Amino acid sequence: MEKEFVFGEGVPQSHLPFSPGVKCGQFLFISGQASVDMEGKIVNDTFENECRRSFDNLKRIVEAAGLTMADIVQVRNYVADEKDLLKFNEIYREYFSAPFPARTTLIGCLGTILKFEVDATAFIK
């Protein structure tokens with residue numbers, strides 16, 4: 001099975017050792033996306049803005065692979081502070097609609113650098 005790596009214009013880059021996305025078989029695996037600019041520099045902001053920026057980065061990778069957010073079948077979310085869960089669920093509905101992907105949400109696991117991070121798996125039809 002061949003692997004194809006997702007890079008290119010519009011895809012946030014990182015100085016860290018990972019690929020933004022990897023196509024393998026009928027799946028696209030998207031690395032954890034945080035509130036970073038196009039060069040991978042962390043952009044500290046409110047929870048709401050960091051969350052949206054992270055989802056926007058995820059969307060850029062999905063689209064660079066020729067897919068849409070509707071092709072995502074699993075989402076893993078990492079929320080730094082439990083007080084942000086209500087806002088997270090509101091923002092989540094801006095990017096996903098019913099029937100929703102499978103989902104895991106972990107709380108209190110990010111330390112102090114990030115307020116939110118997301119990774120996902122998409123199905124390639």
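Me: In β3, which residue is the bridge partner of G21?

Reply: The model is predicted, and its strands β2 (residues 21-24) and β3 (residues 27-33) pair in the antiparallel sense over four bridges. Within this pairing, V22 stands opposite F29 in β3, and C24 has F27 as its bridge partner there. For G21, the bridge partner in β3 is I30.

Me: Which residue in the turn between β2 and β3 has a positive phi, and of about how many degrees?

Reply: β2 and β3 form a hairpin with two residues between them. Strand β2 covers residues 21-24 and β3 covers residues 27-33. The turn residue with a positive phi is G25, at about 65 degrees.

Me: In β2, what is the bridge partner of K3?

Reply: β1 and β2 pair in the antiparallel sense, and four bridges join them. C24, which is bridged to F27 in β3, also takes part in the pairing with β1. The partner of K3 in β2 is C24.

Me: What is the order of the strands in the open sheet?

Reply: The chain contains two helices and six strands, and along the sequence it follows the pattern β-β-β-α-β-α-β-β. The open sheet has six strands with mixed pairing. One of its pairings, between β3 and β6, is antiparallel over five bridges, with Q33 bridged to V118 in β6. The order across the sheet is β1-β2-β3-β6-β4-β5.

Me: Why is one side of β1 and of β5 left without a neighbour in the sheet?

Reply: The order of the open sheet begins with β1 and ends with β5. These strands, β1 (3-6) and β5 (102-107), stand at the edges, so one side of each is left without a neighbour in the sheet. From one strand to the next, the twist averages 15 degrees. The reason for the free sides is that each edge strand has a single partner strand.

Me: About what angle does the direction of helix α1 make with that of β6?

Reply: Helix α1 (residues 47-64) packs on the sheet. Its contacts are with β1, β2, β3, β4 (72-79) and β6 (116-123). The direction of α1 makes an angle with that of β6 of about 25 degrees.

Me: At about what angle to β5 does helix α2 run?

Reply: Helix α2 (residues 85-95) lies across β4, β5 and β6. The loop between α2 and β5 holds P99, which a cis peptide bond joins to A98, with omega about -5 degrees. Relative to β5, helix α2 runs at about 155 degrees.

Me: What is the volume of the largest pocket?

Reply: The largest pocket is lined by 16 residues, and S14, L16, F18, A34 and V36 lie nearest its centre. By class, the lining has nine nonpolar, six polar and one charged residues. The volume of this pocket is about 270 Å³.

Me: What radius of gyration does the chain have, given its 125 residues?

Reply: Along the principal axes, the C-alpha atoms fill a box of roughly 40 × 35 × 20 Å. A compact globule with 125 residues would have a radius of gyration near 14 Å, and the value for the chain agrees with this. The radius of gyration of the chain is 14 Å.

Key:
Residues are numbered from 1 along each chain as its sequence is written. This is a predicted model: local features need pLDDT of at least 70, side-chain atom pairs count only at pLDDT 80 or more; totals for chains, interfaces and linings use all residues. Side-chain values use heavy atoms; hydrogens and water are left out. On a 1 Å grid over the protein atoms alone, a cavity is a set of points where a 1.4 Å probe fits but cannot get out, and a pocket is an open set with protein on both sides within 12 Å along at least five of seven lines; lining residues have an atom within 4 Å of a point. Grid points are joined across faces, edges and corners, and a volume is the space filled by probe spheres set on the points. Ala, Val, Leu, Ile, Met, Phe, Trp, Tyr, Cys and Pro count as nonpolar, Asp, Glu, Lys and Arg as charged, and the others, Gly among them, as polar. Two strands pair if DSSP finds at least two bridges between them. Axes are lines fitted to C-alpha atoms, for helices over the stretch in contact, and angles run from 0 to 180 degrees between N-to-C directions. Contact means heavy atoms within 4.5 Å. The radius of gyration is taken over C-alpha atoms; the globule rule is 2.2 Å times the number of residues to the power 0.38.
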